[in-house]
Amino acid sequence: VKGDRVPSDCSLALHCQPSVFLERDRLGNLTGVNVDALRVDDDGISTNWIEYDGGNFESACLILADLRTVRSSHRVGVMSVKAIEEIGEQSDVALHAAHDPITLPEPNPAHALIIGVTPKDSELLLALTTIVSLRPFALPGQ
Amino acid sequence: MSMNLRPSALQDALAADAILCSQASTPIDYFQVVLPSPVDQLLRWDSVIKIDNGGPSANKYAGHFLSQDSGVHVFTSQAAAIRQATMLLASISNPHIVSVEQGQTSLYELVADRKTSSLDIDQRASIAVKPATARTPTQKIARSTAGIFLALLAARHDSINAESFHGLVRQVLAILSDDDELASHRIMPRVESFEGLLNFLSVRKPTHPNLSLSRDGRFVASWSPTPKSKLTLTFKTRNGGDWVGVNLVDPRSKGNGPFETTSLKLPEPFADWM
(Lines give C-alpha, C1' and ligand atoms only; values in the text may rest on other atoms or scores of the structure.)
Protein backbone atom coordinates (compact mmCIF):
# COMPACT_ATOMS: atom_id res chain seq x y z
CA VAL A 1 0.00 0.00 0.00
CA LYS A 2 1.28 3.44 -0.87
CA GLY A 3 3.09 4.97 2.07
CA ASP A 4 3.79 1.71 3.90
CA ARG A 5 7.32 1.39 5.19
CA VAL A 6 9.52 -1.03 3.32
CA PRO A 7 10.75 -3.63 5.87
CA SER A 8 14.27 -3.19 7.18
CA ASP A 9 15.38 -6.59 5.92
CA CYS A 10 14.59 -5.64 2.32
CA SER A 11 16.69 -3.90 -0.33
CA LEU A 12 16.16 -1.18 -2.88
CA ALA A 13 17.37 -1.05 -6.47
CA LEU A 14 18.56 2.13 -8.11
CA HIS A 15 19.13 2.45 -11.84
CA CYS A 16 22.52 4.21 -11.84
CA GLN A 17 22.54 6.25 -15.03
CA PRO A 18 23.90 8.01 -16.91
CA SER A 19 27.22 6.31 -16.46
CA VAL A 20 29.05 9.59 -15.82
CA PHE A 21 27.61 9.45 -12.29
CA LEU A 22 29.59 6.27 -11.62
CA GLU A 23 32.90 6.87 -9.90
CA ARG A 24 36.06 5.48 -11.43
CA ASP A 25 39.39 4.82 -9.79
CA ARG A 26 42.77 5.52 -11.37
CA LEU A 27 42.55 2.28 -13.33
CA GLY A 28 39.13 3.16 -14.70
CA ASN A 29 37.36 0.60 -12.52
CA LEU A 30 34.01 1.34 -10.93
CA THR A 31 34.16 2.19 -7.27
CA GLY A 32 30.80 3.74 -6.45
CA VAL A 33 28.39 6.51 -7.33
CA ASN A 34 28.23 10.24 -6.80
CA VAL A 35 25.23 11.94 -5.25
CA ASP A 36 23.60 12.71 -8.59
CA ALA A 37 23.06 8.99 -9.14
CA LEU A 38 20.61 9.07 -6.26
CA ARG A 39 17.95 10.91 -8.26
CA VAL A 40 16.72 12.92 -5.33
CA ASP A 41 13.88 15.40 -5.55
CA ASP A 42 11.64 17.03 -3.00
CA ASP A 43 9.69 13.78 -2.49
CA GLY A 44 12.79 11.76 -1.77
CA ILE A 45 14.98 9.33 -3.69
CA SER A 46 13.29 7.26 -6.37
CA THR A 47 14.10 3.52 -6.18
CA ASN A 48 12.50 0.10 -6.66
CA TRP A 49 11.69 -2.33 -3.86
CA ILE A 50 13.49 -5.49 -4.88
CA GLU A 51 11.52 -8.01 -2.83
CA TYR A 52 8.11 -6.52 -3.58
CA ASP A 53 5.52 -9.19 -4.44
CA GLY A 54 8.07 -12.00 -4.21
CA GLY A 55 10.54 -10.26 -6.46
CA ASN A 56 14.30 -10.63 -6.55
CA PHE A 57 17.28 -8.86 -8.10
CA GLU A 58 16.66 -10.33 -11.54
CA SER A 59 13.01 -9.28 -11.60
CA ALA A 60 13.96 -5.82 -10.37
CA CYS A 61 16.39 -5.51 -13.27
CA LEU A 62 13.64 -6.46 -15.70
CA ILE A 63 11.35 -3.80 -14.28
CA LEU A 64 14.02 -1.12 -14.50
CA ALA A 65 14.90 -2.16 -18.04
CA ASP A 66 11.26 -1.98 -19.01
CA LEU A 67 11.01 1.57 -17.74
CA ARG A 68 14.19 3.07 -19.13
CA THR A 69 16.93 2.49 -21.63
CA VAL A 70 19.65 0.29 -20.19
CA ARG A 71 23.16 0.54 -21.55
CA SER A 72 25.95 -1.90 -20.88
CA SER A 73 27.72 0.83 -18.91
CA HIS A 74 24.80 1.23 -16.52
CA ARG A 75 24.67 -0.46 -13.14
CA VAL A 76 22.09 -1.31 -10.56
CA GLY A 77 22.79 0.19 -7.17
CA VAL A 78 21.53 -2.01 -4.36
CA MET A 79 20.85 -0.37 -1.00
CA SER A 80 19.92 -2.13 2.23
CA VAL A 81 16.91 -0.53 3.90
CA LYS A 82 18.46 -1.27 7.29
CA ALA A 83 21.63 0.60 6.30
CA ILE A 84 19.52 3.54 5.14
CA GLU A 85 17.72 3.66 8.47
CA GLU A 86 20.99 3.48 10.37
CA ILE A 87 22.31 6.50 8.51
CA GLY A 88 19.14 8.34 9.49
CA GLU A 89 19.58 7.39 13.14
CA GLN A 90 23.17 8.60 13.11
CA SER A 91 22.08 11.90 11.64
CA ASP A 92 18.96 12.33 13.78
CA VAL A 93 16.84 12.22 10.65
CA ALA A 94 13.77 10.02 10.19
CA LEU A 95 15.22 8.37 7.12
CA HIS A 96 13.23 5.41 5.84
CA ALA A 97 11.95 3.70 2.71
CA ALA A 98 8.27 3.84 1.77
CA HIS A 99 6.30 1.96 -0.84
CA ASP A 100 5.21 4.36 -3.58
CA PRO A 101 3.58 2.43 -6.43
CA ILE A 102 3.27 4.40 -9.67
CA THR A 103 0.64 3.98 -12.34
CA LEU A 104 1.57 6.76 -14.77
CA PRO A 105 3.23 7.26 -17.17
CA GLU A 106 4.41 3.66 -16.86
CA PRO A 107 3.07 1.30 -14.17
CA ASN A 108 5.71 0.51 -11.57
CA PRO A 109 4.07 -1.25 -8.60
CA ALA A 110 7.44 -1.83 -6.91
CA HIS A 111 8.44 1.83 -6.84
CA ALA A 112 9.68 3.06 -3.47
CA LEU A 113 10.98 6.31 -2.09
CA ILE A 114 13.74 6.99 0.39
CA ILE A 115 12.06 9.62 2.50
CA GLY A 116 13.68 12.17 4.78
CA VAL A 117 16.29 13.60 2.47
CA THR A 118 16.17 16.56 0.09
CA PRO A 119 18.54 17.79 -2.63
CA LYS A 120 20.11 20.23 -0.16
CA ASP A 121 21.20 17.56 2.33
CA SER A 122 24.69 17.17 0.91
CA GLU A 123 26.16 15.23 3.84
CA LEU A 124 23.21 12.87 4.10
CA LEU A 125 23.26 12.22 0.37
CA LEU A 126 26.99 11.56 0.44
CA ALA A 127 26.49 9.15 3.33
CA LEU A 128 23.89 7.28 1.29
CA THR A 129 26.31 6.86 -1.59
CA THR A 130 28.61 4.88 0.69
CA ILE A 131 26.03 2.10 1.08
CA VAL A 132 25.29 1.69 -2.63
CA SER A 133 26.54 -1.65 -3.90
CA LEU A 134 26.96 -1.67 -7.69
CA ARG A 135 25.93 -4.69 -9.72
CA PRO A 136 25.62 -5.23 -13.47
CA PHE A 137 22.12 -5.58 -14.84
CA ALA A 138 20.96 -9.19 -14.81
CA LEU A 139 18.91 -9.43 -17.98
CA PRO A 140 18.04 -12.39 -20.21
CA GLY A 141 20.62 -12.92 -22.91
CA GLN A 142 23.39 -11.07 -21.10
CA MET B 1 61.92 26.79 -41.83
CA SER B 2 63.34 23.33 -41.73
CA MET B 3 61.56 20.50 -40.05
CA ASN B 4 62.89 17.07 -39.47
CA LEU B 5 60.41 14.33 -38.98
CA ARG B 6 61.53 11.46 -36.88
CA PRO B 7 59.45 8.45 -37.77
CA SER B 8 61.85 6.21 -35.91
CA ALA B 9 61.08 8.03 -32.67
CA LEU B 10 57.42 7.52 -33.27
CA GLN B 11 57.88 3.86 -34.01
CA ASP B 12 59.95 3.43 -30.86
CA ALA B 13 57.24 5.07 -28.86
CA LEU B 14 54.64 2.84 -30.39
CA ALA B 15 56.66 -0.21 -29.55
CA ALA B 16 57.17 0.91 -25.99
CA ASP B 17 53.47 1.41 -25.54
CA ALA B 18 52.30 -1.51 -27.58
CA ILE B 19 50.25 -2.99 -24.79
CA LEU B 20 48.35 0.16 -24.12
CA CYS B 21 47.84 0.84 -27.79
CA SER B 22 46.44 -2.61 -28.33
CA GLN B 23 43.82 -1.95 -25.69
CA ALA B 24 42.23 0.75 -27.78
CA SER B 25 38.93 -0.61 -28.99
CA THR B 26 38.50 1.85 -31.82
CA PRO B 27 40.72 3.51 -34.39
CA ILE B 28 42.54 6.54 -33.20
CA ASP B 29 42.86 10.11 -34.17
CA TYR B 30 45.79 11.04 -36.30
CA PHE B 31 49.19 11.67 -34.94
CA GLN B 32 51.81 14.12 -35.95
CA VAL B 33 55.31 14.66 -34.81
CA VAL B 34 57.06 17.92 -35.46
CA LEU B 35 60.60 18.27 -34.37
CA PRO B 36 62.92 21.10 -33.50
CA SER B 37 61.28 24.25 -34.60
CA PRO B 38 60.74 27.72 -33.16
CA VAL B 39 57.50 27.80 -31.28
CA ASP B 40 56.39 30.88 -33.16
CA GLN B 41 56.60 29.00 -36.39
CA LEU B 42 54.15 26.45 -35.10
CA LEU B 43 51.50 29.11 -34.76
CA ARG B 44 50.94 29.06 -38.47
CA TRP B 45 49.31 25.70 -37.98
CA ASP B 46 45.65 25.67 -37.20
CA SER B 47 45.69 23.37 -34.25
CA VAL B 48 48.57 22.99 -31.90
CA ILE B 49 48.97 21.33 -28.59
CA LYS B 50 52.51 21.53 -27.44
CA ILE B 51 52.93 18.79 -24.92
CA ASP B 52 56.64 18.95 -24.30
CA ASN B 53 56.22 22.11 -22.30
CA GLY B 54 53.59 22.43 -19.60
CA GLY B 55 54.09 26.16 -19.22
CA PRO B 56 51.71 28.97 -20.08
CA SER B 57 52.24 28.56 -23.77
CA ALA B 58 50.77 25.07 -23.62
CA ASN B 59 47.49 26.44 -22.39
CA LYS B 60 47.53 29.01 -25.14
CA TYR B 61 47.87 26.28 -27.69
CA ALA B 62 45.23 24.15 -26.06
CA GLY B 63 42.83 27.04 -26.21
CA HIS B 64 43.74 27.55 -29.80
CA PHE B 65 43.03 23.93 -30.48
CA LEU B 66 39.66 24.07 -28.83
CA SER B 67 38.62 26.83 -31.15
CA GLN B 68 39.31 24.65 -34.14
CA ASP B 69 37.51 21.77 -35.65
CA SER B 70 40.20 19.66 -37.12
CA GLY B 71 41.21 17.19 -34.48
CA VAL B 72 44.13 16.60 -32.21
CA HIS B 73 47.59 17.59 -33.32
CA VAL B 74 50.63 16.97 -31.23
CA PHE B 75 53.88 18.71 -31.93
CA THR B 76 56.89 17.75 -29.94
CA SER B 77 60.50 16.87 -30.18
CA GLN B 78 60.65 15.01 -26.90
CA ALA B 79 60.66 11.24 -26.92
CA ALA B 80 58.85 11.08 -23.58
CA ALA B 81 56.21 13.45 -24.84
CA ILE B 82 55.79 11.36 -27.94
CA ARG B 83 55.06 8.37 -25.74
CA GLN B 84 52.54 10.36 -23.76
CA ALA B 85 50.91 11.56 -26.93
CA THR B 86 50.83 8.08 -28.36
CA MET B 87 49.03 6.79 -25.32
CA LEU B 88 46.54 9.59 -25.46
CA LEU B 89 45.85 9.39 -29.12
CA ALA B 90 45.67 5.63 -29.11
CA SER B 91 42.66 5.93 -26.89
CA ILE B 92 40.71 8.61 -28.66
CA SER B 93 37.54 7.24 -30.08
CA ASN B 94 36.66 8.27 -33.59
CA PRO B 95 35.56 5.80 -36.20
CA HIS B 96 36.40 7.98 -39.17
CA ILE B 97 40.11 8.33 -38.86
CA VAL B 98 43.33 6.55 -39.51
CA SER B 99 45.13 4.18 -37.21
CA VAL B 100 48.30 4.99 -35.41
CA GLU B 101 50.43 3.07 -37.87
CA GLN B 102 49.08 5.30 -40.56
CA GLY B 103 49.27 8.43 -38.52
CA GLN B 104 52.23 9.98 -40.21
CA THR B 105 50.24 10.10 -43.37
CA SER B 106 48.01 12.61 -41.73
CA LEU B 107 50.92 14.91 -41.18
CA TYR B 108 51.55 14.96 -44.87
CA GLU B 109 47.92 15.62 -45.49
CA LEU B 110 48.02 18.47 -43.06
CA VAL B 111 51.15 19.89 -44.58
CA ALA B 112 49.65 19.63 -48.01
CA ASP B 113 46.40 21.11 -46.88
CA ARG B 114 48.11 24.14 -45.39
CA LYS B 115 50.27 24.53 -48.46
CA THR B 116 53.37 24.74 -46.36
CA SER B 117 55.48 23.83 -49.31
CA SER B 118 58.39 25.82 -48.06
CA LEU B 119 58.88 23.33 -45.28
CA ASP B 120 61.74 20.98 -45.74
CA ILE B 121 60.32 17.64 -44.74
CA ASP B 122 62.50 14.67 -44.15
CA GLN B 123 61.27 12.18 -46.71
CA ARG B 124 62.27 9.24 -44.53
CA ALA B 125 58.99 9.78 -42.79
CA SER B 126 57.13 8.44 -45.74
CA ILE B 127 58.72 5.02 -45.52
CA ALA B 128 56.18 2.30 -44.96
CA VAL B 129 53.39 4.75 -44.45
CA LYS B 130 50.09 3.65 -45.89
CA PRO B 131 47.68 6.13 -47.40
CA ALA B 132 44.90 7.20 -45.11
CA THR B 133 41.70 5.77 -46.48
CA ALA B 134 39.27 6.80 -43.83
CA ARG B 135 39.27 10.48 -44.58
CA THR B 136 40.76 13.11 -46.79
CA PRO B 137 42.47 16.31 -45.71
CA THR B 138 39.37 18.30 -46.44
CA GLN B 139 37.12 16.23 -44.23
CA LYS B 140 36.49 17.59 -40.79
CA ILE B 141 36.82 15.30 -37.85
CA ALA B 142 34.08 15.24 -35.27
CA ARG B 143 36.01 15.50 -32.05
CA SER B 144 34.85 13.30 -29.23
CA THR B 145 34.26 14.77 -25.79
CA ALA B 146 36.94 12.50 -24.39
CA GLY B 147 39.33 13.76 -27.06
CA ILE B 148 38.84 17.35 -26.04
CA PHE B 149 39.57 16.63 -22.39
CA LEU B 150 42.50 14.38 -23.21
CA ALA B 151 43.92 17.24 -25.23
CA LEU B 152 43.57 19.53 -22.23
CA LEU B 153 45.28 16.91 -20.13
CA ALA B 154 48.08 16.56 -22.64
CA ALA B 155 48.66 20.29 -22.53
CA ARG B 156 49.16 20.11 -18.77
CA HIS B 157 50.91 16.78 -18.43
CA ASP B 158 54.12 18.32 -17.09
CA SER B 159 52.30 19.82 -14.14
CA ILE B 160 50.94 16.61 -12.61
CA ASN B 161 52.66 13.44 -11.57
CA ALA B 162 52.73 10.30 -13.69
CA GLU B 163 50.25 8.42 -11.53
CA SER B 164 47.67 11.16 -11.87
CA PHE B 165 48.33 11.61 -15.56
CA HIS B 166 47.77 7.96 -16.36
CA GLY B 167 44.86 7.79 -13.94
CA LEU B 168 43.16 10.74 -15.60
CA VAL B 169 43.65 9.26 -19.06
CA ARG B 170 41.82 6.11 -18.00
CA GLN B 171 39.17 7.98 -16.06
CA VAL B 172 38.42 10.45 -18.84
CA LEU B 173 38.10 7.62 -21.31
CA ALA B 174 35.83 5.67 -18.98
CA ILE B 175 33.64 8.60 -18.01
CA LEU B 176 33.41 10.62 -21.22
CA SER B 177 33.56 8.01 -23.96
CA ASP B 178 29.81 7.85 -24.59
CA ASP B 179 28.92 11.05 -26.44
CA ASP B 180 25.43 9.80 -27.22
CA GLU B 181 24.63 9.32 -23.57
CA LEU B 182 26.05 12.71 -22.64
CA ALA B 183 23.89 14.31 -25.30
CA SER B 184 20.76 12.42 -24.38
CA HIS B 185 21.07 13.58 -20.77
CA ARG B 186 22.15 17.07 -21.83
CA ILE B 187 25.29 16.83 -19.79
CA MET B 188 28.09 19.08 -20.98
CA PRO B 189 31.41 18.50 -19.23
CA ARG B 190 32.90 21.82 -18.23
CA VAL B 191 36.40 22.78 -19.26
CA GLU B 192 36.85 25.14 -16.32
CA SER B 193 35.97 22.33 -13.92
CA PHE B 194 38.53 20.01 -15.49
CA GLU B 195 41.14 22.73 -15.33
CA GLY B 196 40.23 23.20 -11.68
CA LEU B 197 40.84 19.52 -11.11
CA LEU B 198 44.19 19.71 -12.92
CA ASN B 199 45.18 22.77 -10.90
CA PHE B 200 44.27 20.97 -7.71
CA LEU B 201 46.28 17.86 -8.61
CA SER B 202 49.19 20.07 -9.62
CA VAL B 203 49.21 22.22 -6.50
CA ARG B 204 48.12 19.76 -3.79
CA LYS B 205 49.55 16.51 -5.19
CA PRO B 206 47.06 14.30 -3.34
CA THR B 207 46.56 10.56 -3.58
CA HIS B 208 44.93 10.23 -6.96
CA PRO B 209 41.14 10.44 -6.44
CA ASN B 210 38.23 8.54 -7.86
CA LEU B 211 36.44 10.62 -10.48
CA SER B 212 32.94 11.15 -11.82
CA LEU B 213 30.87 13.89 -13.38
CA SER B 214 27.98 15.79 -11.83
CA ARG B 215 24.66 16.45 -13.51
CA ASP B 216 25.79 19.96 -14.35
CA GLY B 217 28.99 18.77 -15.98
CA ARG B 218 31.41 19.37 -13.14
CA PHE B 219 34.16 16.96 -12.25
CA VAL B 220 33.83 15.34 -8.85
CA ALA B 221 36.89 13.89 -7.12
CA SER B 222 36.38 11.52 -4.21
CA TRP B 223 38.42 9.66 -1.65
CA SER B 224 37.14 6.78 0.48
CA PRO B 225 39.76 5.61 2.97
CA THR B 226 37.23 3.08 4.29
CA PRO B 227 33.91 1.80 2.92
CA LYS B 228 32.07 3.99 5.42
CA SER B 229 33.87 7.25 4.84
CA LYS B 230 33.99 9.54 1.88
CA LEU B 231 35.24 12.96 0.88
CA THR B 232 34.25 14.68 -2.36
CA LEU B 233 35.52 17.82 -4.04
CA THR B 234 33.34 19.24 -6.81
CA PHE B 235 35.33 21.56 -9.04
CA LYS B 236 33.17 24.50 -10.00
CA THR B 237 35.84 26.86 -11.28
CA ARG B 238 39.52 26.82 -12.15
CA ASN B 239 40.30 27.74 -8.58
CA GLY B 240 37.95 25.77 -6.38
CA GLY B 241 34.49 24.48 -5.66
CA ASP B 242 32.61 22.68 -2.89
CA TRP B 243 33.67 19.91 -0.54
CA VAL B 244 31.59 17.40 1.42
CA GLY B 245 32.87 14.80 3.86
CA VAL B 246 31.21 12.09 5.97
CA ASN B 247 32.48 9.38 8.28
CA LEU B 248 29.82 6.85 9.25
CA VAL B 249 32.12 5.32 11.86
CA ASP B 250 32.10 8.61 13.73
CA PRO B 251 28.89 10.45 12.77
CA ARG B 252 30.23 13.66 14.31
CA SER B 253 32.83 13.75 11.56
CA LYS B 254 31.04 15.45 8.75
CA GLY B 255 31.13 18.77 7.02
CA ASN B 256 30.82 20.70 3.82
CA GLY B 257 31.59 24.07 2.33
CA PRO B 258 33.36 25.94 -0.43
CA PHE B 259 37.07 25.57 -1.02
CA GLU B 260 39.84 27.27 -2.93
CA THR B 261 42.64 25.12 -4.23
CA THR B 262 45.42 27.34 -2.97
CA SER B 263 44.01 27.71 0.53
CA LEU B 264 42.19 24.45 1.11
CA LYS B 265 42.29 23.46 4.76
CA LEU B 266 39.85 20.71 5.58
CA PRO B 267 39.08 19.75 9.16
CA GLU B 268 40.26 16.45 10.58
CA PRO B 269 39.97 13.72 9.59
CA PHE B 270 39.22 14.72 6.01
CA ALA B 271 42.54 16.37 5.28
CA ASP B 272 44.29 13.04 5.82
CA TRP B 273 42.07 11.20 3.39
CA MET B 274 43.47 12.84 0.26
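This tour passes through selected features of chains A and B in a predicted model.

**Chain B as a whole**

Begin by selecting chain B and displaying its secondary structure, in which 10 helices and seven strands can be traced. Colouring by accessibility is a useful next step: of the 274 residues of this chain, 53% count as buried. With the surface switched on, chain B presents an accessible area of about 12000 Å², and carbon and sulfur atoms account for 51% of that area. The contacts within the chain may then be considered. Where the partners are at least 6 apart in sequence, 66% of contacts in chain B join residues at least 24 apart.

**Positive phi values**

Remain in chain B and select Arg186(B), in the loop between helix 9 (179–184) and helix 10 (191–204). Its phi is near 55 degrees, a positive value in a residue other than glycine. Arg186(B) is exposed, with a relative accessible area of 76%.

Move next to chain A and select Asp53(A), located in the loop between strand 5 (44–49) and helix 1 (57–67). Asp53(A) is not a glycine, yet has a positive phi of about 55 degrees. Its relative accessible area is 70%, and the residue is exposed. As background, most residues other than glycine have a negative phi, and most peptide bonds are trans.

**Cis peptide bonds**

In chain A, select Gln17(A) and Pro18(A), which are joined by a cis peptide bond with omega near 0 degrees. Pro18(A) belongs to the loop between strand 1 (11–16) and strand 2 (22–24).

Finally, select Leu104(A) and Pro105(A). The peptide bond between them is cis, with omega near -5 degrees, and Pro105(A) sits in the loop connecting strand 7 (96–99) and strand 8 (111–115).

Key
Residues are numbered from 1 along each chain as its sequence is written. Chains are lettered from A and ligands numbered from 1 in the order in which they are written. This is a predicted model: local features need pLDDT of at least 70, side-chain atom pairs count only at pLDDT 80 or more; totals for chains, interfaces and linings use all residues. Side-chain values use heavy atoms; hydrogens and water are left out. Helices (H or I, at least four residues) and strands (E, at least two) are DSSP runs, numbered from the N terminus. Buried means under 20% relative accessible area, exposed over 50%, partly exposed in between (1.4 Å probe, protein chains only). Contact means heavy atoms within 4.5 Å. Accessible areas come from the Shrake-Rupley method with a 1.4 Å probe; for residues, only the protein chains shown count as cover.
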